[in-house]
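Trainee: Please take a close look at one loop position with unusual backbone geometry. Then set that position in the context of the rest of the chain.

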Amino acid sequence: MTQPSVLVVEDEAPQREVLVYNLEAEGFDVRQATSGDAALELAREDNPDLILLDWMLPEVTGIEVCRRLKSTAETRGIPVIMISARSEEVDRVRGLETGADDYVVKPYSVVELMARIRTQLRRVRPASVGEKLEFADVTLDTVQHRVFRDGVELHLGPTEFRLLTTFMERPGRVWSRDQLLDRVWGRDIYVDSRTVDVHVGRLRKALRTATGVDDPIRTVRGAGYALG
Ligand code: CA
């Protein structure tokens with residue numbers, strides 16, 4: 001499973017570097033943007049798991065970036081934590097009204113910020129924070145790396161395990177082959193998209209043999225795969 005990715009949007013280099021340093025130390029895959037426009041573009045292209053967004057940015061402000069992210073279908077689901085030096089209540093309210101999922105005031109404690117990041121990730125990448133995943137009769141234990149269907153343990157290869165984790169984190173979501181490649185294999189590795197079909201096929205077979213019942217993964221014609 002690739003590490004959760006965090007997009008850091010901060011125009012001031014020293015503050016950005018502190019964030020990047022701490023996030024990388026926590027094992028996150030960190031991307032950076034120094035302007036609102038760059039942030040919007042990266043959010044669309046990279047589809048990060050979370051965005052840390054500074055309020056004070058030149059030209060397009062953090063608030064405007066947040067508003068646009070939350071009004072665009074492709075980026076709406078990405079949690080946004082606003083970071084701001086403005087501590088007044090009115091600003092906090094404004095930040096949250098724009099759709100920010102959380103709000104942190106400078107100077108902030110790194111420990112607290114990381115805790116808030118994990119809280120948001122628990123929602124969008126539950127497996128990355130060690131949550132047990134359940135869907136219908138399938139249970140996936142991300143800590144012990146074990147999968148059960150209707151109480152019967154399945155023996156999955158590492159790739160099938162990562163695939164199933166991805167599906168179970170977002171039941172109902174339709175994943176394109178490219179999105180699965182990015183999430184399961186990582187964006188830096190070149191893999192043919194047919195490889196995705198091969199591994200999804202193996203996963204489905206493993207899910208079926210456990211109980212003899214049909215597997216819960218469905219092929220969405222022209223789009224990719226989804227769970228449930
Ligand atoms: Ca700034």
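Mentor: His145 is exposed, with a relative accessible area of 54%; exposed means over 50%, buried under 20% and partly exposed in between, computed with a 1.4 Å probe on protein chains only. This is a predicted model, in which local features need pLDDT of at least 70 and side-chain atom pairs count only at pLDDT 80 or more, whereas totals for chains, interfaces and linings use all residues. Residues are numbered from 1 along each chain as its sequence is written, and side-chain values use heavy atoms, with hydrogens and water left out.

His145 belongs to the loop between β7 and β8 (146-149); helices (H or I, at least four residues) and strands (E, at least two) are DSSP runs numbered from the N terminus. Its phi is near 55°, a positive value in a residue other than glycine. Most residues other than glycine have a negative phi, and most peptide bonds are trans. Glu59 also has a positive phi without being a glycine, at about 60°. Glu59 sits in the loop between β3 and α3 and counts as exposed at 74% relative accessibility. A glycine with positive phi, Gly186, follows just after α7, at about 95°. A further backbone feature is the cis peptide bond between Lys106 and Pro107, with omega about -5°; Pro107 is placed in the loop between β5 (102-105) and α5.

In contrast to the exposed His145, consider the nonpolar interior. The largest nonpolar core has 26 residues, of which Val147, Leu164, Phe167, Leu203 and Ile217 touch the most other members. Such a core is a set of buried Ala, Val, Leu, Ile, Met, Phe, Trp, Tyr and Cys residues joined through side-chain atoms within 4.5 Å. Two or more residues each are supplied to this core by β7 (138-141), α6 (158-169), α7 (177-185), α8 (193-211) and β11 (224-227). Apart from it there is another core of 21 residues, among them Trp55, Val65, Met82 and Ala100. In soluble globular proteins, nonpolar side chains tend to be buried together.

Once residues up to four places away in sequence are set aside, Val147 touches Val138, Thr139, Leu140, Val152, Glu153, Leu154, Leu156, Phe161 and Leu164; contact means heavy atoms within 4.5 Å. Helix α7 has Leu180, Leu181, Arg183, Val184 and Trp185 among its buried residues, and the buried residues of α7 pack against α6, α8 and β11.

On a wider scale, the chain is assigned domain 1 (5-127) and domain 2 (132-227), with bounds that come from an automatic or database domain assignment. The C-alpha centres of the two domains are 29 Å apart, and 8 residues of domain 1 are in contact with 8 residues of domain 2. An unreviewed UniProt entry places the feature "DNA-binding region" at residues 130-228; UniProt positions follow the numbering used here, feature names are shortened, and annotations may be inferred rather than shown by experiment. Residues 130-228 are 40% helix and 23% strand, and their end C-alpha atoms are 22 Å apart.

The loop that holds Glu59 also contributes to the metal site. The calcium ion is coordinated by Glu10 (OE), Asp11 (OD), Glu12 (OE), Asp54 (OD) and Met56 (O), at 2.0 to 2.8 Å. Glu10 lies in the loop between β1 (5-9) and α1 (13-25) and Met56 in the loop between β3 (50-54) and α3 (62-70), so this pair ties together parts that are 46 residues apart in sequence. Donors are N, O and S atoms within 2.8 Å of the metal (3.2 Å for Na, K and Ca), and because water is not among the atoms, sites may look incomplete. Glu10 is buried, at 1%, whereas Met56 is partly exposed, at 47% relative accessibility.

Two further buried positions complete the picture. Ser5, in strand β1, has a relative accessible area of 6%. Beyond neighbours within four places in sequence, Ser5 is in contact with Asp29, Arg31, Pro48, Asp49 and Leu50. Gln120, in helix α5 (residues 110-124), is buried at 8% relative accessibility. With neighbours within four places in sequence left aside, Gln120 is in contact with Leu50, Pro79, Ile81, Asp101 and Asp102.
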